[in-house]
Amino acid sequence: MKNYIAVGIAALGFIIAAALLGSAVKNRNKSENTVSVTGLGSKTFTSDLISWSGSFSKNSFELKSAYDALAIDRQVISQYLKSKGVKENEMIFSAVDIQKQFRSFTDSNGNYQQGEFAGYNLTQSVSIKSKEVAKIENISRNITEIINRGIEFTSSSPQYFYTKLSDVKQEMIASATKDAKERAEKIAENAGSSLGNLKKATMGVIQITAPNSNEDYSYGGTYNTTSKEKEASITIKLEYEVD
């Protein structure tokens with residue numbers, strides 16, 4: 001009697017093991033029946049915010065003289081920018097940077113030596129951020145008008161930004177998701193299958209470059225600030241079950 005019970009238990013165990021194995025194989029095959037696709041969303045747009053800056057300096061053996069001369073230049077620059085339509089609250093003047101200068105020379109042994117005091121160099125910068133892009137662009141291109149007034153002014157290149165980037169990003173995500181889904185449906189159709197449930201979605205980083213440029217994408221995302229016209233792109237990777 002004990003032998004029959006043992007045989008029965010062994011048979012039941014074999015049936016359960018077979019069922020579990022069959023279920024594992026079925027689930028494994030099901031997990032392999034997936035398709036992964038990557039969709040791309042892109043959009044071109046024009047910057048609506050410009051940032052521009054320039055610096056000016058004065059030199060003198062007397063610190064007060066240099067500072068007074070710099071203050072006069074600052075006033076001339078401020079009045080000039082106002083005459084071009086720049087609002088006072090759009091202009092930011094930095095703190096004055098003061099550097100002592102020394103004449104240097106090389107001694108008979110070829111060693112560099114710091115010589116006598118050669119005066120003070122005072123430098124200050126002015127920066128502007130404005131949504132009136134065309135106006136600030138024009139000022140930056142015609143800055144020789146300030147130089148012609150006897151001011152040592154060095155202008156930097158404008159930087160361009162876009163304040164509605166979040167809206168652009170939402171549009172691109174929707175476009176990239178649609179593109180990826182259409183690719184997945186086409187792959188499933190060509191394989192004689194149908195698209196099942198979405199298992200996973202992974203979004204890439206936003207890349208903003210100048211249109212038709214050869215700028216490299218970066219792992220953390222690229223943000224071009226030198227071009228007024230911009231092109232943004234983003235990728236979405238979707239993984240679907242295939243029935």
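Good morning. I begin with one residue, Thr222, which is buried, because its relative accessible area is 15% and the cut-off for buried is under 20%. Please bear in mind throughout that this is a predicted model.

Where does Thr222 sit along the chain? Its place is in a loop, the one that runs between strand 9, residues 207–209, and strand 10, residues 229–242. What surrounds Thr222 there, once its neighbours within four places in sequence are left aside? Thr222 is then in contact with Ile206, Gln207, Ile208 and Thr209, and also with Glu215, Asp216 and Tyr217. In addition, the side chain of Thr222 reaches the backbone nitrogen of Ser218, at 3.2 Å.

I turn now to charged side chains. How many salt bridges does a search of the whole structure find? The search finds eleven. I shall discuss some of them.

One of these joins the side chains of Glu171 and Lys43, with a distance of 3.3 Å from N to O. Glu171 belongs to helix 5, residues 165–190, and Lys43 to strand 1, residues 34–46, so this pair ties together parts that are 128 residues apart in sequence. Are these two residues buried or exposed? Glu171 has a relative accessibility of 45% and therefore counts as partly exposed. Lys43 also counts as partly exposed, because its relative accessibility is 30%.

The next salt bridge is formed by Asp68 and Lys64, whose closest N and O atoms are 2.8 Å apart. Which element holds this pair? Both residues lie in helix 2, residues 63–83, and they are four residues apart, which is about one turn of the helix. Asp68 counts as partly exposed, at 35% relative accessibility. Lys64, by contrast, counts as exposed, because its relative accessibility is 60% and the cut-off for exposed is over 50%.

My last example concerns Lys135 and Glu132. These two residues form a salt bridge in which the closest N and O atoms are 2.7 Å apart. Glu132 is partly exposed, with a relative accessible area of 35%. Which residues are linked with Glu132 in a network of salt bridges? They are Lys87 and Lys135.

Let me close by returning to the main points. Thr222 is a buried residue in the loop between strand 9 and strand 10. The salt bridge of Glu171 and Lys43 ties helix 5 to strand 1, whereas Asp68 and Lys64 both lie in helix 2. Thank you for your attention.

Terms used: Residues numbered from 1 in each chain as written. Predicted model: local features only at pLDDT ≥ 70, side-chain atom pairs only at ≥ 80, totals over all residues. Heavy atoms only, no water. Helix = DSSP H or I, 4+ residues; strand = E, 2+ residues; numbered from the N terminus. Buried < 20%, exposed > 50% of the residue type's maximum accessible area, 1.4 Å probe, protein only. Polar contact = N/O pair within 3.5 Å; in protein donor to acceptor, adjacent residues only side chain to side chain. Contact = heavy atoms within 4.5 Å. Salt bridge = Lys/Arg side-chain N within 4 Å of Asp/Glu carboxyl O.
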